[in-house]
Amino acid sequence: MNVKKSIQNNWKNLLFGALYFLWGSFFLVYKTVNIPKPPILDKFRLLLNLVVLAALLFLILLDWIKDWQKGYYYKILFSGIFLAIAFIVKGHGDGWLSLVMFVFLLASASINFNYILSAFLGFSGLVMMGSFFLSSRGVNILRNFISVRVGNGAIRYSLGFNWVTNPAQLAFFFVVAYVVLRNKKTTYWEILLLELVSGYIYFYTDTINPFLLTTVLLAYMTFERFRAFKPLFLRVPFFKSVLSYPFALAAALMFMGAMLPQGRVFQLLNRVFNRRFWLSYNGLVEYGIHSFGQRIVFRNQSEQGGFLAGYNYVDSSYIQYTLLYGIFFILFIIVALSLVTRNVVSENNELLAVVLAILAIHAMFDPQLLWLWYSPFAMLIGIKCFNPRQERQRFKWEENLFGLLGPKVKQA
């Protein structure tokens, strides 16, 4: 297949990948990198959101026309309900940014996930390397914020980002996306290099959660490569059940932990997870749960990076999204993610099932579950839940563009 024909056949994938690359690049820098933000960036941010939103709605409309012609009315109904909820709750988070983020989930329905992963690895890798390099050279535009961890006195460096945890979180999602894209082609040398990069970032940032989860994933990849990637967990009924509903289980455990009586068990868990349970409990008590969410401005850190009095930022994705967007939204997301994981397990895709379980655990204590400038995996909701043609889509890999990285599946 020549390049011209490939572009004609894959223009939606290419357009979506380009939109995600541009939008993700800007907001990853804008939201996480420690650079001055002049007022003109606010105008550009709004313009970028509106342009990307219009393009995504156009792609959704094209999908709806095809679905209507083929009689997939239920898909149009449920995606329409989600779109309506997104418009209702957009002002409770980051406004237009939140809306575009939710619309990306719907627009990804007919997109090849390899394009999404490649776009994410492209912009996240460039931002990470650029920030590390410029901050190490002492470039004034990138201030390397330093903090001291209370208790053990460890000095933590932000490596050019706004906060010391940002590079560790970004590196975690980069490793996960890379492993999923490479899949069975991942070599021992790649695994070792990814672990060394993760260890390097942990050494400077002293951020334990993403480092531990990265190490678990890479250890699993090493073990599975040694076993020639033969299914292991999916052959055991207990693990198969857990891997079918990791997000529902993780959300339930997080809410149960936050609502425990504040006795010895609560205090122990709170210390182990760096006050995450107390902050979640405090958020539930202070704000309560509303049907369609509420506008909340968390008290976290000042522009100089120092902690504010009355710090109350809720790190857990499940509880933060419940507080901001409401009970209907979080239930919709948990059900959708459960449909994704059930679908992945039914396909016997153990690597992706394990990855999603690790992401479910990560979301218990960190807020990036749906933040697409950090992670592309939420867009599996569109691919697995809002695409009634996904059984055919599974065979439509573009070998010319992803011959080295994509799985070689024959055309159906």
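# Reading the labels in a predicted model

Q: Why is E224 called buried in this predicted model?
A: E224 has a relative accessible area of 1%. Buried means under 20%. The value of 1% falls under that limit, so E224 is buried.

Q: What makes E224 and R227 a salt bridge?
A: Their closest N and O atoms are 3.0 Å apart. The rule asks for a side-chain nitrogen of Lys or Arg within 4 Å of a carboxyl oxygen of Asp or Glu. The pair R227 and E224 meets that rule. Side chains of opposite charge can pair when their charged atoms come close.

Q: Why does R227 count as buried?
A: R227 has 19% relative accessibility. The limit is under 20%, so R227 counts as buried.

Q: How do you know that D366 forms a salt bridge with R276?
A: The closest N and O atoms of D366 and R276 are 3.4 Å apart. That is within 4 Å, so the pair qualifies.

Q: Why is the pair of D366 and R276 said to tie together parts of the sequence?
A: D366 lies in the loop between α16 (350-365) and α17 (380-385). R276 is in helix α13. The parts are 90 residues apart in sequence, so the salt bridge ties them together. Both D366 and R276 are buried.

Q: What makes E347 and K384 a salt bridge?
A: Their closest N and O atoms are 3.0 Å apart. The cut-off is within 4 Å, so E347 and K384 pass. E347 lies in the loop between α15 and α16, and K384 lies in helix α17. These parts are 37 residues apart in sequence, so this pair ties them together too.

Q: Why is E347 called buried, partly exposed or exposed?
A: E347 has 25% relative accessibility. Buried is under 20%, exposed is over 50%, and partly exposed is in between. E347 is therefore partly exposed.

Q: Why is K384 called buried?
A: K384 has a relative accessible area of 14%. That is under 20%, so K384 is buried.

Q: What joins R276, D315 and D366 into one network?
A: Salt bridges that share partners join these residues. In the protein the salt bridge count comes to 9.

Q: How many aromatic pairs does a search of the whole structure find?
A: The search finds 39.

Q: What makes the pair of F132 and F161 edge-to-face?
A: The planes of F132 and F161 are 70° apart, and their centres are 6.2 Å apart. Pairing needs centres within 6.5 Å, and edge-to-face needs planes over 60 degrees apart. F132 and F161 meet both limits. The pair links distant parts of the chain, 29 residues apart. F132 is in helix α6 (residues 113-136). F161 is in the loop between β2 (155-157) and α7 (166-182). Both F132 and F161 are buried.

Q: Why is the pair of Y202 and F211 called stacked?
A: The planes of Y202 and F211 are 10° apart, with 4.6 Å centre to centre. Stacked means under 30 degrees, so the label fits.

Q: Why do Y202 and F211 count as buried or partly exposed?
A: Y202 has 26% relative accessibility, so Y202 counts as partly exposed. F211 has 18%, so F211 counts as buried. The limit for buried is under 20%.

Q: Which residues form the nonpolar patch on the surface?
A: I88, I289, F292, I327, F328 and L331 form the patch. Together they have about 520 Å² of accessible area. Helix α15 (residues 327-346) gives the largest share, 3 residues.

Q: Why does F292 count as partly exposed?
A: F292 has 35% relative accessibility, between 20% and 50%, so F292 is partly exposed. F292 is found in the loop between α13 (276-287) and α14 (317-325).

Q: How do you know that the span of α15 is close to the one expected?
A: α15 has 20 residues and reaches 28 Å from its first C-alpha to its last. At 1.5 Å a residue, 28 Å is expected. Just after α15, N348 takes a positive phi of about 65°.

Q: Why is T322 called buried?
A: T322 has a relative accessible area of 1%, under 20%, so T322 is buried. T322 lies in helix α14. Leaving aside neighbours within four places in sequence, T322 is in contact with F255, I289, I327 and I330.

Q: What share of the protein is buried?
A: Buried residues make up 52% of the 412 residues. The protein has 19 helices and 2 strands.

Definitions and conventions:
Residues are numbered from 1 along each chain as its sequence is written. This is a predicted model: local features need pLDDT of at least 70, side-chain atom pairs count only at pLDDT 80 or more; totals for chains, interfaces and linings use all residues. Side-chain values use heavy atoms; hydrogens and water are left out. Helices (H or I, at least four residues) and strands (E, at least two) are DSSP runs, numbered from the N terminus. Buried means under 20% relative accessible area, exposed over 50%, partly exposed in between (1.4 Å probe, protein chains only). Patches are made of residues with over 30% relative accessible area and no salt bridge: like charges are joined within 9 Å, nonpolar side chains (Val, Leu, Ile, Met, Phe, Trp, Tyr) within 5 Å. Accessible areas come from the Shrake-Rupley method with a 1.4 Å probe; for residues, only the protein chains shown count as cover. The expected span of a helix is 1.5 Å times one less than its number of residues. Rings of Phe, Tyr and Trp (its six-membered ring) pair if their centres lie within 6.5 Å; planes under 30 degrees apart count as stacked, over 60 as edge-to-face and the rest as tilted. Contact means heavy atoms within 4.5 Å.
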